[in-house]
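Please read the report below alongside the sequence and the coordinates. It begins with overall confidence and then turns to selected local features.

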Amino acid sequence: MYRFKVSAPGTVLLCGEYNKSCVAAGLDMRTVLTFSSFPTEVVPRDFIEIKFFSIRLHMKIPLRIFLLHFHKKNYDPTHNREQLFQSVKNFIKFLTGFPGNYDPNNHAHQLSLQAFFFLLVTISYQKDFIIKSSFIVKLSSKLPIGVGLGSSASFVVCLAACFWRWYLLQQGTVRYIFNSTDLTYIMESALFCEYIVYTSSNLINISISTSGVVTEFNEEMSKNSFDVPSMKILLVFSNVSKKIEKSIKIIVEENLSFYVDLILNRIETISQKFIQTLQKINEETVSLKQQEIVEINSVCLINYYKDLVDLIQMNQGLLKALGTSHPNIDGICSIARDSSLGAKITASCVGGYVFILLLPSNSDEYIQDLIKIFESHNYSTKIASLNCSGVMYRFKVSAPGTVLLCGEYNKSCAAADLDMRTVLTFSSFPTEVVRKDFIEIKFSSIRLHMKIPLRIFLLHFFQENYDWTRNPRQVFESVKNFIEFLTGFPGNYDLDNRAHQLSLEAFFFLLVTISYEKNIIINSSFVVEISSELPIGEGLGSSASFVVCLAACFFRWNLLQKGTVRYIFNPIDLIYIMKYASACDMKILLVFSNVSQKIEQNKVEIKVKKHLSSSVDSILNSIETISKKFIQTLKEIKTEMLSLRQQEIFEINSVGLINYYKNLMDLIHINQGLLRALGTSHPNLDIICTIARDFSLGAKIAANRKSGYVFTLLLASTSDEYIQDLIKIFESHNFTAKIVMYRFKVSAPGMVLLCGEYKKSCVAAGLDMRTALTFSSFPTKAVQKDFIDIKFSSIRLHMKIPLRIFLLYFCKKNYDWTRNTRQLFESVKNFIKFLTGFSSSYEPNNLVHQLSLQAFFFLLVIISYQKNIIINSSFVVKLSSELPIGEGLGSSTSFIVCLAACFFRWYLLQKGRVRYIFTPTDLTYIAENAFTCEYLIFNSSYLINIAISTSGMVQVFEEGNQMVNFFSNLPSMKILLIFSNVSQKIGQMKVEMIVKEQLSSSVDVIVNSIEIISKKFIQTLKEMKKEMLFLRRQEIVEINSVRLTNYYKDLMNLIHMNQGLLKALGMVHPNIHTICAIARDSSLGAEIAANRGGGYAFILLLPSNSDEYIQDLIKIFKSHNFTAKVTSLNCSGVRVE
């Protein structure tokens, strides 16, 4: 899908008046819009979803309603924009019956929807881009609404930028920086939208929101931007949210006097002086740059800033004289004046906020003291900045930590990745958008913030004084020399802070190296923000994770400049993972020893130099030997795992595997003992290792060069109770311990009814379009908050509830544990009624949301009761599906089978049983619980769906839904799945109704004929199975042999006849009939995918059908407006991924 984010700033009027000479600036409080588009193949539901959080507006409407109104016969695309707006308003009047919280009487809701649809329709018409699939627009803003900070302009600019970028993406144009042509189009579209929707023609706000920076406007609205430093301001809320009673225009009309005219002329004079002062700042800044003087609080610049302060103060005084002020505003301005600063309302006719321009020389302490004064007068205050960028977007990368399992660096060793990550966010701003050149660095984990002029960087590394042929060592020396001169710039860089120094060296070294090698063009401002979950200097790979993020960032920047957009990297971090470790999961306990000092590797080298004895040499050789044995044991685990799977033995805590794990623990223990003998240990580490040994486990420092953390390898059979006891012992010694959480994924397939009828003989198959569930459990010691987090992305459901609420309801005295399943279900429904007050997107009136939560909690409770699952810590369940909902492809069954499998595997893990393939007993238990759940919640009693979703394959069912045969030896069957654009239910009951209403021989003959065809279909499958076994015995692996192809043709003929009989029963829609006719013209057979639902049809493809042939067939369906997808049948059932 398409997914991107755009944002736009607010506006502050620094000086002057709208419609006269004035100066405005971009306010770095932004409106942010996230856009997600889903192709029809992924989301077979047509909708437009709107989420405007700042005004609490959520609406979801069918896309077809929108297309019907604006893109069908009843709409004239030649309408001018005024007529178009009237059409939009008429359309919005009919949007009251759809899911959401749209309030027609809420003016903000009404105007926001008008702006949204007006811009969407206008830009789609002008640029002729295609709107044929579902999409979501989420928007939030830091800008308060209706207080003169340009919130509406920022809003419409974000919308215009969003739809413009969507158009560019459809054209195959990927830009991460809008060019001047883009910005012009965005500004023009937004301006007309604001004019027609908000009855405002404020070009200044739109221009600032589009391009940002500090800009001069004259009466003709021509503009000029200033290259001045970022301006820090205090934004003070005056507690006045209403419009100032009289605008200047009204005052002039009511009082056409010399006095009023004099004041307005005086404001114009002040505005001109303000502009002249900005020009002087601009010239002084350029002069300082040419002289390579980078101090922005020079005496000359400070004096100019003071001139601006005086002019702002005079401007506000004149506005007060005109009556466009308020006592609260006057009070704020008085406080500012007492502090030798100037204050002014942010917009002339709105009395919400006042800004105070701060001097570059104002210290943080000074500013904080000023904030306290305002707070003492009950005025909320916020530090912000002016002269920010216009509309923009960004990207993010992350990398994991590392644990050294065994051995020594520079020798044989085994290492693994640690899922505690460093995250980097990159934002780049073009010169057209940001009229200031800077590199901004924010490394929050080490409290480093620095902002330096880009020109200084370019002058040092990209001018004549730099030799491009230098080797990496020379580049590094040049980087170090450069960093020595970075002490005079804004930020908190501490030259004596080693972490600051090394981080900057890594940053600039990688930036320079990669930009040279890849010819990255660095000609505009950019920001890099980094944070990390990894403790620094404790041997968990924090520095490696840091530099990998930087390298990935600059490399991706290079790709984007080349027009290459990738969302998946070749995983650089996997360098640290041994290929053998992928054969099994290793659960570890991470224990902090309260020792943060480094045990440097060179300490070992010093000891070797001082004691060049056979004993030291022997220790080092022994570590090498142990490392080799560790690697060999991993190989044996891998071999054992493959052997067990070939024998269909699914338990990975078998005696053989457990013994291998014990061997690993012994080797870890010996490795740590040898490190201790070398002096690379600490008494705290020894205590931790002793405790682990008392529990028959092995412990070792996480990295041999640093002594902060120790890891303990846990057996697959180690229970949660056992681990919690171990944690308590560590805590009794004041050591904090963190267990690596449970994390696993299960998936289940959909279902297609190949032939026959439910409750009669029929054949069904697993459809390889899967529902996937990811489970993560966090022990109480790792996550100090108790929650259940549910994320079902396919139905847009997200809910996070306190775990204690769940436990209080289901695991305390108020619950009778002996209740039957029906009573339990009623209890679950009552519980869900109380879940509306928590942070979530749950809609009680959304039936899909309601049923999904019922299934989730029903299965969680019933399996936890039956299996005594211990639920005492936070966990997250994420679920998504490739299956369309309600189209007869088994989406609800796949959903509940995934849930049942998830909770059952959680139980197994708590008992120390780690399986990657469910046993037949497991599958039976999962199927039974899923069947009960589907029967109670989804009112379905078809065992067929459950059997297919659980076990997959091609299966045969007789009357009563009893499975009588399955075909595991058949090859995978390729099919074409076509959406008929018909979502109505046809219903099994329709057949029964037809039979009841017309108990005639014709209907009886049709039903009996379907049964005969089903029997022939089953017989053909048996013949195919025999043929496959015959070919395999002869070691012939060709599945498109003549005989097999003939069997496939027989199946297609039977499918075609089955569909014809269903049509005779009245169970086929004209669209389905068209699809079947196209298939027949191509000598293929088509049938509806499920007799109870008319949404999808499938076409069985021959093994000999080429990709070109299939693609031509897809094009034919598309020409009839039917979407088609290639997939397969006879796949596996529920499984651990």
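What follows describes the chain as a whole, then its core, a sheet region and four individual residues.

**Confidence and overall make-up**

This is a predicted model, and the mean pLDDT of the protein chain is 77, with 77% of its residues reaching 70 or more. Confidence is not even along the sequence: over residues 597-609 the pLDDT stays under 50, although the model gives this stretch 24 contacts beyond four places in sequence. Residues 984-992 also have a pLDDT below 50, and there the model has 22 contacts beyond near neighbours in sequence. Where pLDDT is low, the predicted coordinates should not be read in detail.

The protein chain has 31 helices and 32 strands, and of its 1137 residues 55% are buried. When contacts between residues at least 6 apart in sequence are considered, 76% of them join residues at least 24 apart. The accessible surface of the chain is about 49,000 Å², and carbon and sulfur atoms account for 52% of that area.

**The largest nonpolar core**

The largest nonpolar core contains 68 residues, and those with the most contacts inside it are Phe-806, Phe-856, Phe-857 and Phe-858. Helix H24, residues 891-910, gives the most to this core, contributing 14 residues. Beyond four places in sequence, the contacts of Phe-857 include Phe-806, Phe-831, Ile-788, Ile-790 and Leu-835.

**The annotated span and its strands**

According to an unreviewed UniProt entry, the annotation "domain: GHMP kinase N-terminal" covers residues 134-167 and 524-558. Residues 134-167 are 50% helix and 21% strand, and the C-alpha atoms at the two ends of this span lie 15 Å apart. Strand S5, residues 135-141, pairs with strand S2, residues 22-37, in the antiparallel sense through seven bridges, and within that pairing Thr-31 has Ser-141 as its bridge partner in S5. Strand S3, residues 47-52, is joined to S5 by five bridges and runs parallel to it; here Ile-48 stands opposite Phe-135 of S5.

**Four individual residues**

The table gives the relative accessibility and class of four residues.

| Residue | Relative accessibility | Class |
|---|---|---|
| Leu-883 | 4% | buried |
| Gln-114 | 7% | buried |
| Asn-1130 | 12% | buried |
| Asn-1121 | 61% | exposed |

Leu-883 lies in the loop between strand S25 (875-881) and H24, and because its relative accessibility is 4% it counts as buried. Outside its neighbours within four places in sequence, Leu-883 contacts, among others, Pro-749, Gly-750, Leu-767, Met-769 and Thr-771. The C-alpha atoms of Leu-883 and Met-751 are 9.7 Å apart, although 132 residues separate the two along the chain.

Gln-114 belongs to helix H3, residues 107-127, and counts as buried because its relative accessible area is 7%. Not counting residues up to four places away in sequence, Gln-114 touches Phe-85, Val-88, Lys-89, Ile-92 and Val-197.

Most residues other than glycine have a negative phi. Asn-1121, which is not a glycine, nevertheless has a positive phi of about 65°; this asparagine is in the loop between helix H31 (1107-1119) and strand S31 (1124-1129). Asn-1130, likewise not a glycine, has a positive phi of about 70° and lies in the loop between S31 and strand S32 (1135-1136). In their surroundings, Asn-1121 is exposed at 61% relative accessibility, whereas Asn-1130 is buried at 12%.

Terms used:
Residues are numbered from 1 along each chain as its sequence is written. This is a predicted model: local features need pLDDT of at least 70, side-chain atom pairs count only at pLDDT 80 or more; totals for chains, interfaces and linings use all residues. Side-chain values use heavy atoms; hydrogens and water are left out. pLDDT is the predictor's confidence in each residue, from 0 to 100. Contact means heavy atoms within 4.5 Å. Helices (H or I, at least four residues) and strands (E, at least two) are DSSP runs, numbered from the N terminus. Buried means under 20% relative accessible area, exposed over 50%, partly exposed in between (1.4 Å probe, protein chains only). Accessible areas come from the Shrake-Rupley method with a 1.4 Å probe; for residues, only the protein chains shown count as cover. A nonpolar core is a set of buried Ala, Val, Leu, Ile, Met, Phe, Trp, Tyr and Cys residues joined through side-chain atoms within 4.5 Å. UniProt positions are given in the numbering used here, feature names are shortened, and annotations may be inferred rather than shown by experiment. Two strands pair if DSSP finds at least two bridges between them.
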